[in-house]
Amino acid sequence: NRLSESMRTAPHFYLTSEIEMSAARDLLGRLTKRHERTGAPKPSLTVLIARVAARILRDHPVINASTEGEATRFHERIDIGIAMERDGELVVPVLRDAGSMDMPAMTREFARLREGMAKRTLTPAELGGGTFTISNLGMYGVDSFTAIINPPQGAILAVGRTVDKPVGREGQIVLRPMANFTLSSDHRIVDGVAAARFMADLREALENPELLL
């Protein structure tokens with residue numbers, strides 16, 4: 001019902017960027033080895049994207065904003081919801097204060113939320129109140145999609161699968177792992193330039209993730 005209301009009341013618009021994932025993939029491999037040595041859960045691409053998004057949202061407060069009636073609310077904290085499927089229903093556990101988490105902490109919290117979702121032990125407080133949402137369907141072979149904004153949030157990021165594609169680099173055609181990212185925004189809060197700037201910073205961050213982590 002809430003998503004149906006979102007489509008009726010929020011004027012959605014969409015921006016898609018194809019982003020090279022070579023550096024992100026390499027970083028995940030190194031982080032996996034490091035986490036194995038320390039006993040931390042294995043990091044996933046979804047967690048890495050959430051970590052990067054949490055960092056750049058600091059510079060894009062309008063993307064982290066929400067609607068309150070006719071007003072716009074700007075949030076001091078970045079609480080990122082991760083869309084998950086459970087027995088055919090959509091649930092969105094929230095990584096609270098994601099902007100203050102490092103990768104090990106976010107990986108542990110994501111693992112806790114995923115386990116709680118599977119066991120149906122998450123509380124309503126853990127399933128609501130996010131300021132921004134990420135929906136990753138790449139693991140299902142989806143190339144790209146547009147997600148419905150989770151009200152009262154102002155934006156949601158949809159992530160497609162990473163696949164090797166021929167791209168031009170320095171005058172040569174080479175294979176690179178590429179993924180489509182689509183930002184759905186509420187035009188009452190976010191204008192096209194603000195969304196485009198966020199997507200440009202997202203590309204820069206994912207193609208050079210160690211600069212943020």
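## A walk through the predicted fold

Thr 67 lies in strand S2, which covers residues 66-68. Keep in mind that this is a predicted model, so read what follows as a description of that model. With a relative accessible area of 17%, Thr 67 falls under the 20% cut-off and therefore counts as buried. What does Thr 67 touch once residues up to four places away in sequence are set aside? Its contacts are Pro 152, Asp 186, Arg 188 and Ile 189.

Pro 151 is worth a look here too. From Thr 67 to Pro 151 is a step of 84 residues in sequence, yet their C-alpha atoms sit 7.9 Å apart in space. The peptide bond that runs from Pro 151 to Pro 152 is cis, and its omega is near 5°. Pro 152 itself belongs to the loop between S8 and S9. So if you click on Thr 67, look for Pro 152 among the residues in contact with it.

### Helix H3 and its partners

Now over to helix H3, where you'll find Thr 46. Is Thr 46 buried or exposed? Its relative accessibility is 9%, so it counts as buried. Leaving out residues up to four places away in sequence, Thr 46 is in contact with Ile 82, Phe 110, Asn 136 and Met 139.

H3 spans residues 45-57 and packs against helix H5, residues 192-207. The angle between the two is about 130°, and their axes are 10 Å apart. That angle makes H3 oblique to H5. The crossing of H3 past H5 is right-handed.

Which side chains make up this contact? On the H3 side you have Ile 49, Val 52, Ile 56 and Leu 57, and they meet Phe 198, Asp 201, Leu 202, Ala 205 and Leu 206 of H5. Sorted by class, the H3 and H5 contact holds eight nonpolar residues, one charged residue and no polar ones.

### Salt bridges

Side chains of opposite charge can pair when their charged atoms come close. How many salt bridges does the model have? The count comes to 17. Here are three of them, with the separation of the two partners along the chain.

| Salt bridge | N to O distance | Separation in sequence |
|---|---|---|
| Arg 30 and Glu 210 | 2.9 Å | 180 residues |
| Glu 89 and Arg 120 | 3.4 Å | 31 residues |
| Asp 143 and Arg 161 | 2.6 Å | 18 residues |

Take Arg 30 and Glu 210 to begin with: the closest N and O atoms of this salt bridge are 2.9 Å apart. The pair ties together distant parts of the chain, with Arg 30 in helix H2 (residues 22-38) and Glu 210 in the segment after H5. Arg 30 has a relative accessibility of 40%, so it counts as partly exposed.

Asp 143 and Arg 161 are joined by a salt bridge of 2.6 Å, N to O. This pair is a link between loops: Asp 143 sits in the one between S8 and strand S9 (155-159), and Arg 161 in the one between S9 and strand S10 (163-169). Asp 143 comes out as partly exposed because its relative accessibility is 39%. Arg 161 is partly exposed as well, at 32% relative accessible area.

Then there's Glu 89, whose side chain meets that of Arg 120 in a salt bridge of 3.4 Å, N to O. Glu 89 is in strand S6 (residues 89-91), while Arg 120 is in the loop between helix H4 (103-119) and strand S8 (132-136). Glu 89 has 32% relative accessibility, so partly exposed is the label it gets. These two residues also take part in something wider: a network of salt bridges links Arg 86, Asp 87, Glu 89 and Arg 120.

### Two positive phi values

Arg 120 has another feature to check in the backbone. Its phi is near 60°, a positive value in a residue other than glycine. With a relative accessible area of 48%, Arg 120 is partly exposed.

Asp 97 is also a residue other than glycine with a positive phi, in this case near 50°. Where does Asp 97 lie? You'll find Asp 97 in the loop between strand S7 (94-95) and H4. Its relative accessibility is 30%, so Asp 97 counts as partly exposed.

Key:
Residues numbered from 1 in each chain as written. Predicted model: local features only at pLDDT ≥ 70, side-chain atom pairs only at ≥ 80, totals over all residues. Heavy atoms only, no water. Axes fitted to C-alpha atoms, helices over the stretch in contact; angles between N-to-C directions. Helix = DSSP H or I, 4+ residues; strand = E, 2+ residues; numbered from the N terminus. Parallel < 35°, antiparallel > 145°, perpendicular 65-115°, else oblique. Left-handed = near helix turned anticlockwise from the far one by under 90°. Contact = heavy atoms within 4.5 Å. Nonpolar A, V, L, I, M, F, W, Y, C, P; charged D, E, K, R; others polar. Salt bridge = Lys/Arg side-chain N within 4 Å of Asp/Glu carboxyl O. Buried < 20%, exposed > 50% of the residue type's maximum accessible area, 1.4 Å probe, protein only.
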